[in-house]
Amino acid sequence: MKRLFLEISSGQGPAECELLVAKLMVCLTSELYRKVRFREVALNGNREKSLVKSVLFELEGEGAAVSVAPWLGTIQWIAASPFRSHHKRRNWYAGIRLFEAEPELAFDPNDVEFSASRSSGPGGQHVNTSNTRIQAFHRPTGLCAVAGEERSQLRNRELALARLAAKVAARGSAGSARLGLEAWQAHRELERGNPVRVFRGDEL
C-alpha cells in the first residue's frame, strides 16, 4: 500500500508566510484529527516562534486523501503584518500539496546518515571556520541533500533532513510529473493566485 505525504510550504515568502504555515499546521490537524493521523516527518523552521518554512507529514487513516482534498492548493491569509506595523502588504500565501510514495521509498529518519563540513559563502568568520554545512544521505535510495546557508549546524541539519525527506517522497510519487520534480522545488514555486481557501484576520 502506498503511503501518503502532505507538505505545507511558505515558498519563498517572508516571515508572515512562515507564520501562516504554523497556523495551518494547527488548523488542519485540529479540524481533521478524527479522520486523519498526522505524523510529522520533517520540519524546517522555528516551532517555538511559530515561524515554519515548510513541514512534511505522513498521513494515516481511511480516506485520508479525501479528507485533506479541500485543503490542497494555495491558501491565502488576508491580514495586517503582525511583524511590521507600517507594512502595506496584507496578502500572505502558503501551499499545501499531497503526494504518494511507494512503501520501499517511504522516509524514515533512522535511515539517514549525516556528515558535517565547513561552509563557504556569506556569513562571516563563523561560517568559514566551523563545520556548519550538513549533508544528509538516505541509505535505501542513495539520495543526498545538503544545507549550509544557516550559521547553526543544528538548523542546517534540520533543513537538510527536510529537503531529503521531500526528495525521497517525490521520487516515489506515482504522480511526480504532475506534482513537480520534487517537493523542495515546489517550495520555491508556490503559486500565488487562485487560492482554494481564504482566511481573514484572526480566522486562523
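**View 1. Ser50, a partly exposed residue in a loop.** With a relative accessible area of 31%, Ser50 counts as partly exposed (buried is under 20%, exposed is over 50%, and partly exposed is in between, using a 1.4 Å probe and protein chains only). You'll find Ser50 in the loop between strand 2 and strand 3. Its phi is near 55 degrees, a positive value in a residue other than glycine. Keep in mind that this is a predicted model, where local features need pLDDT of at least 70 and side-chain atom pairs count only at pLDDT 80 or more, while totals for chains, interfaces and linings use all residues. Residues are numbered from 1 along each chain as its sequence is written, and side-chain values use heavy atoms, with hydrogens and water left out.

**View 2. The whole protein, with its helices and strands.** Zoom out for a moment and you can pick up six helices and nine strands (DSSP runs numbered from the N terminus: H or I of at least four residues for helices, E of at least two for strands). Of the 204 residues, 44% are buried. Take the contacts with a separation of 6 or more: 63% of them come from residues 24 or more positions apart (contact means heavy atoms within 4.5 Å).

**View 3. The largest nonpolar core, with 31 residues.** A nonpolar core is a set of buried Ala, Val, Leu, Ile, Met, Phe, Trp, Tyr and Cys residues joined through side-chain atoms within 4.5 Å. In this one, Leu6, Ile8, Leu24 and Leu59 have the most contacts inside the core. Elements giving two or more residues to this core include strand 1 (3–9), helix 1 (15–31) and strand 5 (91–101). Helix 1 gives the largest share, eight residues. Now look at Leu24: leaving aside neighbours within four places in sequence, its contacts include Ile8, Trp71, Ile96 and Phe199. Apart from this core lies another, of 20 residues, and Leu56, Leu164, Val168 and Ala169 are among them. In soluble globular proteins, nonpolar side chains tend to be buried together.

**View 4. Two aromatic pairs.** Rings of Phe, Tyr and Trp (its six-membered ring) pair if their centres lie within 6.5 Å; planes under 30 degrees apart are stacked, over 60 edge-to-face, and the rest tilted. Phe38 and Phe57 make an edge-to-face pair, 5.4 Å centre to centre with 80 degrees between the planes. This pair links distant parts of the chain, as Phe38 is in strand 2 and Phe57 in strand 3, 19 residues apart. Phe57 is buried, at 5% relative accessible area. Trp71 and Phe199 have ring centres 6.1 Å apart and planes at 20 degrees, so that pair is stacked. Trp71 sits in the loop between helix 2 and strand 4 and Phe199 in strand 9 (residues 197–200), so the pair ties together parts that are 128 residues apart in sequence. Both rings belong to buried residues: Trp71 has a relative accessible area of 1%, and Phe199 has 11%.

**View 5. The largest cavity, with about 60 Å³ of space.** On a 1 Å grid over the protein atoms alone, a cavity is a set of points where a 1.4 Å probe fits but cannot get out, and lining residues have an atom within 4 Å of a point. Ten residues line the largest cavity, with Glu7, Ser54, Val55, Leu56 and Ala162 nearest its centre. Strand 2 (37–46), strand 3 (51–60) and helix 4 (153–171) each give two or more residues to this lining.

Note on methods. On a 1 Å grid over the protein atoms alone, a cavity is a set of points where a 1.4 Å probe fits but cannot get out, and a pocket is an open set with protein on both sides within 12 Å along at least five of seven lines; lining residues have an atom within 4 Å of a point. Grid points are joined across faces, edges and corners, and a volume is the space filled by probe spheres set on the points.
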